[in-house]
Amino acid sequence: MPDIKFTEYESGKNKDIKVVVLNGSVDAYNSEMLSEKLEAVIKAGFYKVVVDCSKLNFISSSGMGVFLAMEDDFLSHGGGLKFTAIPDNIMNVFKKVGLSDIFKTYAQESQALDDFNRGI
Amino acid sequence: MEKKFPASLDCLEELRAFVRGFCAEQRLNDILTGELELAANEAATNIIEHAGLKSKDHFTLALEKEKKRLSLTFRDPGKPYDFGRVATVKGAKDIQKKRPRSGMGVYIIRQLVDAVIYNALPNRQNQLQLIKNL
(Lines give C-alpha, C1' and ligand atoms only; values in the text may rest on other atoms or scores of the structure.)
Protein backbone atom coordinates (compact mmCIF):
# COMPACT_ATOMS: atom_id res chain seq x y z
CA MET A 1 0.00 0.00 0.00
CA PRO A 2 1.32 3.45 -0.89
CA ASP A 3 3.20 5.35 1.75
CA ILE A 4 3.60 9.10 2.05
CA LYS A 5 5.51 10.79 4.85
CA PHE A 6 5.82 14.47 5.56
CA THR A 7 8.59 16.41 7.22
CA GLU A 8 8.33 20.13 7.68
CA TYR A 9 10.25 23.13 8.92
CA GLU A 10 9.95 26.88 9.01
CA SER A 11 12.09 29.07 6.80
CA GLY A 12 12.45 32.59 5.39
CA LYS A 13 13.64 35.80 7.03
CA ASN A 14 10.59 36.00 9.26
CA LYS A 15 10.15 32.24 9.65
CA ASP A 16 6.78 32.68 8.00
CA ILE A 17 7.38 30.13 5.24
CA LYS A 18 6.59 26.46 5.80
CA VAL A 19 8.65 23.94 3.84
CA VAL A 20 6.87 20.60 3.49
CA VAL A 21 8.94 17.68 2.23
CA LEU A 22 6.95 14.91 0.52
CA ASN A 23 8.55 11.49 0.92
CA GLY A 24 6.88 8.62 -0.95
CA SER A 25 3.91 8.35 -3.29
CA VAL A 26 0.51 10.07 -3.40
CA ASP A 27 -2.47 8.38 -5.04
CA ALA A 28 -6.22 7.99 -4.54
CA TYR A 29 -5.61 5.70 -1.56
CA ASN A 30 -3.74 8.25 0.54
CA SER A 31 -4.37 11.69 -1.03
CA GLU A 32 -6.57 12.61 1.92
CA MET A 33 -3.43 12.55 4.09
CA LEU A 34 -1.93 15.25 1.88
CA SER A 35 -5.11 17.30 2.15
CA GLU A 36 -5.07 16.99 5.93
CA LYS A 37 -1.41 18.03 6.08
CA LEU A 38 -2.08 21.20 4.06
CA GLU A 39 -5.13 22.00 6.18
CA ALA A 40 -2.95 21.66 9.29
CA VAL A 41 -0.39 24.03 7.79
CA ILE A 42 -3.13 26.62 7.20
CA LYS A 43 -4.53 26.09 10.68
CA ALA A 44 -1.06 26.78 12.09
CA GLY A 45 -1.14 30.15 10.31
CA PHE A 46 1.22 29.46 7.41
CA TYR A 47 0.10 30.58 3.96
CA LYS A 48 3.48 30.61 2.19
CA VAL A 49 4.40 27.00 1.50
CA VAL A 50 7.32 25.45 -0.31
CA VAL A 51 6.60 21.87 -1.35
CA ASP A 52 9.90 19.97 -1.58
CA CYS A 53 9.39 17.14 -4.09
CA SER A 54 12.96 15.78 -4.04
CA LYS A 55 11.79 12.57 -2.33
CA LEU A 56 8.48 12.28 -4.17
CA ASN A 57 8.31 9.01 -6.10
CA PHE A 58 4.88 9.34 -7.67
CA ILE A 59 1.83 11.59 -7.68
CA SER A 60 -1.51 10.75 -9.30
CA SER A 61 -4.37 13.00 -10.37
CA SER A 62 -5.77 12.64 -6.85
CA GLY A 63 -2.64 14.23 -5.37
CA MET A 64 -2.49 16.90 -8.06
CA GLY A 65 -6.16 17.64 -7.37
CA VAL A 66 -5.42 18.33 -3.70
CA PHE A 67 -2.92 21.06 -4.64
CA LEU A 68 -5.20 22.49 -7.34
CA ALA A 69 -8.22 22.65 -5.07
CA MET A 70 -6.34 24.10 -2.09
CA GLU A 71 -3.98 26.61 -3.70
CA ASP A 72 -6.58 29.38 -3.54
CA ASP A 73 -6.70 29.00 0.25
CA PHE A 74 -3.02 30.00 0.35
CA LEU A 75 -3.18 32.67 -2.39
CA SER A 76 -6.15 34.42 -0.80
CA HIS A 77 -4.07 35.05 2.33
CA GLY A 78 -1.12 36.55 0.45
CA GLY A 79 0.79 33.30 0.21
CA GLY A 80 0.86 30.43 -2.24
CA LEU A 81 2.38 27.08 -3.10
CA LYS A 82 5.81 26.79 -4.69
CA PHE A 83 7.22 23.44 -5.77
CA THR A 84 10.92 22.63 -5.69
CA ALA A 85 13.19 19.80 -6.84
CA ILE A 86 10.53 17.99 -8.85
CA PRO A 87 12.05 14.77 -10.24
CA ASP A 88 12.39 14.74 -14.05
CA ASN A 89 9.79 12.01 -14.61
CA ILE A 90 7.18 13.90 -12.54
CA MET A 91 8.09 17.27 -14.12
CA ASN A 92 7.56 15.69 -17.53
CA VAL A 93 4.03 14.72 -16.51
CA PHE A 94 3.38 18.19 -15.02
CA LYS A 95 4.34 19.69 -18.40
CA LYS A 96 2.20 17.29 -20.43
CA VAL A 97 -0.82 17.82 -18.20
CA GLY A 98 -0.33 21.59 -18.00
CA LEU A 99 0.39 21.85 -14.28
CA SER A 100 3.80 23.44 -14.88
CA ASP A 101 1.93 26.47 -16.26
CA ILE A 102 -0.31 26.63 -13.20
CA PHE A 103 2.10 26.00 -10.32
CA LYS A 104 5.35 27.85 -9.69
CA THR A 105 8.22 25.39 -9.89
CA TYR A 106 11.87 25.85 -8.96
CA ALA A 107 15.01 23.77 -9.14
CA GLN A 108 16.24 24.98 -5.73
CA GLU A 109 14.47 25.73 -2.48
CA SER A 110 16.47 28.97 -2.15
CA GLN A 111 14.89 30.29 -5.37
CA ALA A 112 11.40 29.66 -4.06
CA LEU A 113 12.25 31.33 -0.73
CA ASP A 114 13.73 34.33 -2.57
CA ASP A 115 10.50 34.78 -4.55
CA PHE A 116 8.40 34.57 -1.40
CA ASN A 117 10.67 37.11 0.32
CA ARG A 118 10.34 39.44 -2.68
CA GLY A 119 6.58 39.10 -2.59
CA ILE A 120 6.38 37.15 -5.85
CA MET B 1 2.74 -10.53 -18.81
CA GLU B 2 -0.58 -10.35 -17.00
CA LYS B 3 -1.60 -9.87 -13.37
CA LYS B 4 -4.85 -9.87 -11.44
CA PHE B 5 -5.62 -7.12 -8.90
CA PRO B 6 -8.37 -6.73 -6.30
CA ALA B 7 -10.86 -3.90 -6.89
CA SER B 8 -9.44 -1.86 -4.04
CA LEU B 9 -7.41 1.36 -3.98
CA ASP B 10 -4.76 -0.24 -1.81
CA CYS B 11 -3.64 -2.30 -4.84
CA LEU B 12 -2.40 0.78 -6.72
CA GLU B 13 1.14 0.62 -5.36
CA GLU B 14 1.42 -3.03 -6.44
CA LEU B 15 -0.02 -2.20 -9.86
CA ARG B 16 2.53 0.56 -10.38
CA ALA B 17 5.34 -1.77 -9.33
CA PHE B 18 4.06 -4.27 -11.92
CA VAL B 19 4.23 -1.58 -14.62
CA ARG B 20 7.68 -0.42 -13.48
CA GLY B 21 8.96 -3.99 -13.59
CA PHE B 22 7.70 -4.39 -17.16
CA CYS B 23 9.29 -1.08 -18.17
CA ALA B 24 12.60 -2.15 -16.62
CA GLU B 25 12.47 -5.40 -18.58
CA GLN B 26 11.90 -3.38 -21.76
CA ARG B 27 14.74 -1.04 -20.77
CA LEU B 28 12.53 2.03 -21.01
CA ASN B 29 13.85 5.30 -19.59
CA ASP B 30 12.51 7.01 -16.45
CA ILE B 31 10.42 9.50 -18.42
CA LEU B 32 8.54 6.86 -20.39
CA THR B 33 8.23 4.66 -17.32
CA GLY B 34 6.73 7.57 -15.38
CA GLU B 35 4.17 8.21 -18.11
CA LEU B 36 3.05 4.58 -18.30
CA GLU B 37 2.98 4.27 -14.52
CA LEU B 38 0.67 7.28 -14.20
CA ALA B 39 -1.56 6.30 -17.15
CA ALA B 40 -1.99 2.80 -15.69
CA ASN B 41 -2.64 4.21 -12.21
CA GLU B 42 -5.38 6.52 -13.53
CA ALA B 43 -7.08 3.76 -15.55
CA ALA B 44 -7.02 1.40 -12.55
CA THR B 45 -8.34 4.11 -10.21
CA ASN B 46 -11.28 4.72 -12.57
CA ILE B 47 -12.08 0.99 -12.67
CA ILE B 48 -11.92 0.70 -8.88
CA GLU B 49 -13.94 3.84 -8.19
CA HIS B 50 -16.46 3.88 -11.06
CA ALA B 51 -16.99 0.38 -12.51
CA GLY B 52 -19.35 -0.65 -9.74
CA LEU B 53 -17.18 -3.58 -8.68
CA LYS B 54 -17.54 -5.26 -5.30
CA SER B 55 -14.60 -5.70 -2.96
CA LYS B 56 -14.33 -9.41 -3.86
CA ASP B 57 -14.06 -8.58 -7.58
CA HIS B 58 -10.84 -8.38 -9.53
CA PHE B 59 -9.55 -6.78 -12.69
CA THR B 60 -6.57 -7.73 -14.81
CA LEU B 61 -3.77 -5.79 -16.44
CA ALA B 62 -1.85 -7.30 -19.35
CA LEU B 63 1.34 -5.63 -20.58
CA GLU B 64 2.73 -6.36 -24.03
CA LYS B 65 5.35 -5.07 -26.42
CA GLU B 66 4.72 -5.51 -30.12
CA LYS B 67 7.47 -4.17 -32.35
CA LYS B 68 7.49 -0.40 -31.74
CA ARG B 69 4.49 -0.10 -29.45
CA LEU B 70 3.46 -0.99 -25.94
CA SER B 71 -0.04 -1.93 -24.90
CA LEU B 72 -1.58 -1.90 -21.45
CA THR B 73 -4.84 -3.86 -21.48
CA PHE B 74 -7.28 -3.70 -18.56
CA ARG B 75 -10.20 -6.11 -18.27
CA ASP B 76 -12.85 -5.79 -15.60
CA PRO B 77 -16.32 -7.27 -14.98
CA GLY B 78 -17.88 -3.91 -14.13
CA LYS B 79 -20.72 -2.06 -15.77
CA PRO B 80 -20.19 -1.07 -19.43
CA TYR B 81 -19.40 2.57 -20.16
CA ASP B 82 -18.57 4.86 -23.07
CA PHE B 83 -14.94 5.86 -22.57
CA GLY B 84 -15.30 8.66 -25.12
CA ARG B 85 -18.02 10.28 -23.03
CA VAL B 86 -16.55 9.93 -19.55
CA ALA B 87 -16.71 13.28 -17.77
CA THR B 88 -13.27 14.83 -17.49
CA VAL B 89 -11.56 18.19 -17.75
CA LYS B 90 -11.02 19.38 -21.31
CA GLY B 91 -7.50 20.74 -21.07
CA ALA B 92 -4.96 22.77 -19.13
CA LYS B 93 -7.07 25.94 -19.35
CA ASP B 94 -10.04 24.04 -17.95
CA ILE B 95 -7.86 22.81 -15.07
CA GLN B 96 -6.65 26.34 -14.38
CA LYS B 97 -10.20 27.67 -14.36
CA LYS B 98 -11.97 24.91 -12.42
CA ARG B 99 -9.17 23.80 -10.07
CA PRO B 100 -10.73 20.30 -9.89
CA ARG B 101 -10.09 18.04 -6.93
CA SER B 102 -11.04 15.06 -9.12
CA GLY B 103 -12.13 14.21 -12.67
CA MET B 104 -8.74 14.61 -14.38
CA GLY B 105 -7.92 10.92 -14.85
CA VAL B 106 -9.19 10.42 -18.40
CA TYR B 107 -7.64 13.71 -19.55
CA ILE B 108 -4.29 12.68 -18.07
CA ILE B 109 -4.45 9.24 -19.72
CA ARG B 110 -5.07 10.89 -23.09
CA GLN B 111 -2.06 13.20 -22.62
CA LEU B 112 0.26 10.32 -21.82
CA VAL B 113 -0.58 7.62 -24.37
CA ASP B 114 -1.09 7.64 -28.14
CA ALA B 115 -4.38 5.76 -28.31
CA VAL B 116 -7.12 4.56 -25.98
CA ILE B 117 -9.41 1.77 -27.17
CA TYR B 118 -12.48 0.66 -25.25
CA ASN B 119 -14.50 -2.46 -26.01
CA ALA B 120 -17.43 -4.03 -24.18
CA LEU B 121 -16.59 -7.72 -24.61
CA PRO B 122 -19.30 -10.35 -25.18
CA ASN B 123 -18.51 -12.05 -21.86
CA ARG B 124 -19.74 -8.94 -19.98
CA GLN B 125 -16.24 -7.62 -19.51
CA ASN B 126 -14.91 -4.15 -20.17
CA GLN B 127 -11.61 -3.98 -22.03
CA LEU B 128 -9.60 -0.78 -22.00
CA GLN B 129 -6.42 -0.72 -24.02
CA LEU B 130 -3.81 2.03 -23.71
CA ILE B 131 -1.34 2.16 -26.60
CA LYS B 132 2.03 3.88 -26.41
CA ASN B 133 4.17 4.17 -29.52
CA LEU B 134 7.92 3.92 -28.98
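Which side chain meets that of A:Glu8 in a salt bridge? In this predicted model, the partner is A:Lys18, with a nitrogen-to-oxygen distance of 3.0 Å. A:Glu8 belongs to strand S1 of chain A and A:Lys18 to strand S2 of chain A, so the pair ties together parts that lie 10 residues apart in sequence. Side chains of opposite charge can pair when their charged atoms come close. Over all chains, the count of salt bridges comes to 18.

The strands that carry this pair lead into the sheet of chain A. Here 5 strands form an open sheet in the order S1-S2-S3-S4-S5, and the pairing is mixed. Its edges are strand S1 (4-11) and strand S5 (104-106) of chain A, each of which pairs on one side only. From one strand to the next, the twist averages 25°. Within this sheet, S3(A) pairs with strand S4 (residues 80-84) of chain A in the parallel sense, over 5 bridges. One position in S4(A) can be followed directly: A:Lys82 is the bridge partner of A:Val50. Helix H4 (residues 109-117) of chain A lies across S1, strand S2 (17-26), S3, S4 and S5 of chain A. The direction of H4(A) runs at about 155° to that of S3(A).

Chain B also contains an open sheet of 5 strands, in the order S1-S2-S3-S5-S4, and there the pairing is antiparallel. Strand S1 (2-6) and strand S4 (115-121) of chain B are the edge strands, each pairing on one side only. The twist in this sheet averages 20° from one strand to the next. S1(B) is joined to strand S2 (residues 58-66) of chain B by 5 bridges, and the two run antiparallel. B:Glu2 stands opposite B:Ala62, which lies in S2(B). Helix H1 (residues 12-25) of chain B packs on the sheet, where it touches S1, S2 and strand S3 (69-76) of chain B. The direction of H1(B) makes about 15° with that of S2(B).

The two chains meet in a contact that takes 32 residues from chain A and 28 residues from chain B. In chain A, the residues that lose the most area to chain B are A:Phe58, A:Lys96 and A:Val97, together 23% of what that side buries. The size of an interface is often given as the accessible area lost when the parts come together. Between chain A and chain B, the buried area is about 2400 Å², and carbon and sulfur atoms give 60% of that area.

Charged and polar pairs also span the interface. The rule finds 4 salt bridges between chain A and chain B, as well as 7 residue pairs in polar contact. A salt bridge links B:Arg101 with A:Glu32, whose closest N and O atoms are 3.2 Å apart. On the side of chain A that touches chain B, the elements giving two or more residues are helix H1 (31-43), strand S3 (48-59), helix H2 (61-75) and helix H3 (88-97) of chain A. Which of these elements gives the largest share of that side? The largest share comes from H2(A), with 8 residues. By residue class, the side of chain A that touches chain B divides into 15 nonpolar, 10 polar and 7 charged residues.

Technical notes
Residues are numbered from 1 along each chain as its sequence is written. Chains are lettered from A and ligands numbered from 1 in the order in which they are written. This is a predicted model: local features need pLDDT of at least 70, side-chain atom pairs count only at pLDDT 80 or more; totals for chains, interfaces and linings use all residues. Side-chain values use heavy atoms; hydrogens and water are left out. Contact means heavy atoms within 4.5 Å. Buried area is the accessible area (1.4 Å probe) that two parts lose on being put together, summed over both. A polar contact is a pair of N or O atoms within 3.5 Å; within protein, one must be able to donate a hydrogen and the other to accept it, and residues adjacent in sequence count only if both atoms are side-chain atoms. Helices (H or I, at least four residues) and strands (E, at least two) are DSSP runs, numbered from the N terminus. Ala, Val, Leu, Ile, Met, Phe, Trp, Tyr, Cys and Pro count as nonpolar, Asp, Glu, Lys and Arg as charged, and the others, Gly among them, as polar. Two strands pair if DSSP finds at least two bridges between them. Axes are lines fitted to C-alpha atoms, for helices over the stretch in contact, and angles run from 0 to 180 degrees between N-to-C directions.
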